[in-house]
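Here are my notes on this entry, set out as numbered points. Please read them with the structure open beside you.

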Amino acid sequence: MIDIPDELIATQYAYNGAAGRAFVAALPGLAGRFLEEWGLRRDGAAMYGMCALVLPVVREADGVPAALKLQLVDEETAGEPVALRAWGAAGAGAVGVLGHDPGTGALLLERLDEGRPLSGVAGGGAVPGGSRLVGEVADARRAVTVLGGVLARLAAVPAPEGLRTLGDAVERMLAAAPEAVGRLADASERRLLADCVAAVREVAGEPGDRLLHWDLHYDNILAGRADAGRAGEWVALDPKPLAGDPGFELFPALDNLFDAGEVVWRFDALTEALGMERDRARARAWTLGRVLQNAVWAVGDGERELAPDHAEIARRLLAVR
């Protein structure tokens, strides 16, 4: 029997409607099918994110630990196996693909150490007032430095043909921008989002061609396992891949484990890791593009204000020259 976590059920119902309900209903059968077809046995409690159920397993034929990932295929997840294989061929530091079923999107992945996410390196959360204790800042900066190294390896790989593109995303974003700006209740936030729109327009003609992860935050990097030859390595997983400019990758590392006082330091560290320190204006514009993208989505869901952390990231980056 496969127990489907209540949180995964709620997320699928809320965001994917009828398709999400059908996916949840099919999950026990899908899990049973691939456990049998791929010769796997369960090896731990089920894990889950917003869109996937992950079962720790062992391949019975050779005893190799692995992870069976079951998720609804959509425009964000369809390119995952393509991206992971491209990164794998380049030795770029992403989780390895051991099996893939195109019809259902099921993936058999290399097992990582799920108990050691990079977020654990960053120490505790922010203290009142939005700042961190001195030791926690140092820990968080170590995590940012690691993430920057992983990001640089991933973004060095050219995007394979057929992935969704940043160019298409920007076109939709800019088309929706006037309505998003107009629906914000606060005049200062309208001006702030308009500044983001202006920045994105300056770089929209050169969307880039690198293979982007799109969601590289500290919980999407796990420690590798010694039994897989990955001891001491930090490994990326759960991409929502697209082809584009590496500057579009920085936002999750600024927003996740948010600390207002560290926004500019993190931005500088990440641009340096990507070799973009001389092109900070472009990196900044694409990061503001993520603020715009999130605002367009939020307004579409009925919100009339920017997420506070997103607004603060935009303010601090717009002040950078």
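1. Strand 7 and strand 9 (residues 221–223) run antiparallel and are joined by 2 bridges; in strand 9, alanine 223 is the bridge partner of aspartate 113. Strands here are DSSP runs of E with at least two residues, and helices are DSSP runs of H or I with at least four, both numbered from the N terminus; two strands pair if DSSP finds at least two bridges between them.

2. This is a predicted model, in which local features need pLDDT of at least 70 and side-chain atom pairs count only at pLDDT 80 or more, while totals for chains, interfaces and linings use all residues. Residues are numbered from 1 along each chain as its sequence is written, and side-chain values use heavy atoms, with hydrogens and water left out.

3. The open sheet has 3 strands in the order 7-9-10, with antiparallel pairing, and its edge strands, each pairing on one side only, are strand 7 (113–117) and strand 10 (234–236).

4. The second largest pocket (on a 1 Å grid over the protein atoms alone, an open set of points where a 1.4 Å probe fits, with protein on both sides within 12 Å along at least five of seven lines; lining residues have an atom within 4 Å of a point) is lined by residues including Glu75, Arg164, Trp214 and Trp297. Helix 4 (166–183) gives the largest share of this lining, 4 residues, and helix 8 also supplies at least two.

5. For the largest pocket, the lining comprises 49 residues, of which Met50, Cys51, Asp215, His217 and Lys240 lie nearest the centre. Helix 8 gives the most to this lining, with 6 residues.
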